[in-house]
Amino acid sequence: AHGDALDALPWKEAEVFALVTGRIIYLSTDRFDIMFAVRALASDLASPTKLSMLRLKRVVKYLLGTSGLCWAYKFQSPGEWACADAYGDSDWAGCNTTRKSVSAGLLFMGAHPVDIWCSGQQVVALSSGEAEFYSAGTAAAHLLFIIHLMEELKVKVRGWLWTDSTAARGIMGRTGPGRLRHIQTRFLWVQERVRRKDFEVKKVLGKINPADVGTK
């Protein structure tokens, strides 16, 4: 049965798979809760299998059952939206083929979500802490973009980077890789930004980290 699931789809079904997946990819730009699943569907576009179609049907059923979900943007005073909070999370070695991890996150201005992302990491992380550090780097990049964008608009914004990984916070709070010699040095720019106090690194419990949705 497992072998049948890995059989290639007939071309007509493959055409339907590509059409529906393309529409869901477009929809996922506003639906953080399906981004992780959509990444898996998109990776199967070149050669979809019967398992790919089963995954697609599962996502479609979920969307039909959650069609009433929406982003809520309540009224905020200037003092409330002058605070930017970026939440990052990672799944360690989530891809069974490449063993690469996924970085996911959300960015809020006050209580308003203004940015979401779910992307594959470029390198293979050798530990969960390393994967979380790379994810924090992605979140830091999104956070700094918003901070600098608001500066161009003459608005001072304070930034906080939230992660549930003690190891990632430890790496960001020191200078250099320390004992983790295998960490890609091009990601160590985050440490300099933390030292410059461009933003603060904070702890969020894993159970309430909103970025966790993007890694499952």
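Trainee: Let's start with one residue: where is the place of Ala93?

Mentor: Ala93 sits in the loop between S1 and S2. Keep in mind as we go that this is a predicted model.

Trainee: What is there to read in the phi of Ala93?

Mentor: Here is the general idea. Most residues other than glycine have a negative phi. In this structure, Ala93 has a phi near 55°, a positive value in a residue other than glycine. Lys197 is another case, with phi near 60°, and it is found in the loop between H8 and S5.

Trainee: Are these two residues buried or exposed: Ala93 and Lys197?

Mentor: Buried stands for under 20% relative accessible area and exposed for over 50%. Ala93 has 13% relative accessibility, so it counts as buried. Lys197 has a relative accessible area of 70% and is therefore exposed.

Trainee: Let's move to the sheet. What is the order of its strands?

Mentor: The order is S3-S2-S1-S4-S5, in an open sheet of 5 strands with mixed pairing. To read the edges, look for strands that pair on one side only: strand S3 (112-120) and strand S5 (200-203). On average, neighbouring strands here are turned by 20° against each other, direction ignored.

Trainee: How many bridges join strand S1 to strand S2?

Mentor: There are 8 bridges between strand S1 (residues 83-91) and strand S2 (residues 102-109), and the two run antiparallel. If you would like a register point to check in the viewer, Ala84 stands opposite Met109 in S2.

Trainee: Which helix lies across S1, S2 and S3?

Mentor: That is helix H3 (residues 35-43), which runs at about 35° to S3. H3 also packs with helix H2 (residues 11-28), at an angle of about 145° and with the axes 10 Å apart.

Trainee: Which residues make the contact of H2 and H3, and what is the handedness of the crossing?

Mentor: From H2 come Phe17, Thr21, Ile24, Ile25 and Ser28, and from H3 come Met35, Val38, Leu41 and Ala42. The crossing of H2 and H3 is left-handed.

Trainee: Now the rings. How do I read a pair of aromatic rings?

Mentor: A pair of aromatic rings is described by the distance of the centres and the angle of the planes. A search of the whole structure gives 3 aromatic pairs. Tyr87 and Phe108 are one of them: the pair is edge-to-face, 5.9 Å centre to centre, with 90° between the planes. It links distant parts of the chain, as Tyr87 is in strand S1 and Phe108 in strand S2, 21 residues apart. With 16% relative accessibility, Tyr87 counts as buried, and Phe108 is buried with a relative accessible area of 16%.

Trainee: What kind of aromatic pair do Phe133 and Tyr134 form?

Mentor: A tilted one, 6.1 Å centre to centre with 45° between the planes. The angle decides the name here: planes under 30 degrees apart count as stacked, over 60 as edge-to-face and the rest as tilted. Phe133 is buried, at a relative accessible area of 1%, and Tyr134 counts as buried at 2% relative accessibility.

Trainee: Which residues form one aromatic cluster?

Mentor: Tyr87, Phe108 and Trp162.

Trainee: What about the largest nonpolar core: which of its 28 residues touch the most other members?

Mentor: They are Leu107, Met109, Phe133, Leu143, Leu161, Met172 and Phe199. The elements that give two or more residues to this core are S1, S2, H6, helix H7 (166-172) and helix H8 (189-195). H6 gives the most, with 11 residues.

Trainee: Which residues does Leu107 touch, not counting those up to four places away in sequence?

Mentor: Its contacts include Asp85, Ala86, His112, Trp117, Leu143 and Ile146, counted in that way.

Trainee: One more residue: where does Thr138 lie?

Mentor: Thr138 lies in helix H6 (residues 128-152). With 22% relative accessibility, Thr138 counts as partly exposed, because that class falls between under 20% for buried and over 50% for exposed. Leaving out residues up to four places away in sequence, Thr138 touches Ser103 and Trp117. To compare sequence with space, take Thr138 and Val190: they are 52 residues apart in sequence and 9.5 Å apart in space, C-alpha to C-alpha.

Methods. Residues are numbered from 1 along each chain as its sequence is written. This is a predicted model: local features need pLDDT of at least 70, side-chain atom pairs count only at pLDDT 80 or more; totals for chains, interfaces and linings use all residues. Side-chain values use heavy atoms; hydrogens and water are left out. Two strands pair if DSSP finds at least two bridges between them. Helices (H or I, at least four residues) and strands (E, at least two) are DSSP runs, numbered from the N terminus. Axes are lines fitted to C-alpha atoms, for helices over the stretch in contact, and angles run from 0 to 180 degrees between N-to-C directions. Contact means heavy atoms within 4.5 Å. Buried means under 20% relative accessible area, exposed over 50%, partly exposed in between (1.4 Å probe, protein chains only). A nonpolar core is a set of buried Ala, Val, Leu, Ile, Met, Phe, Trp, Tyr and Cys residues joined through side-chain atoms within 4.5 Å. Rings of Phe, Tyr and Trp (its six-membered ring) pair if their centres lie within 6.5 Å; planes under 30 degrees apart count as stacked, over 60 as edge-to-face and the rest as tilted. A crossing is left-handed if the near helix is turned anticlockwise from the far one by less than a right angle, and right-handed if clockwise.
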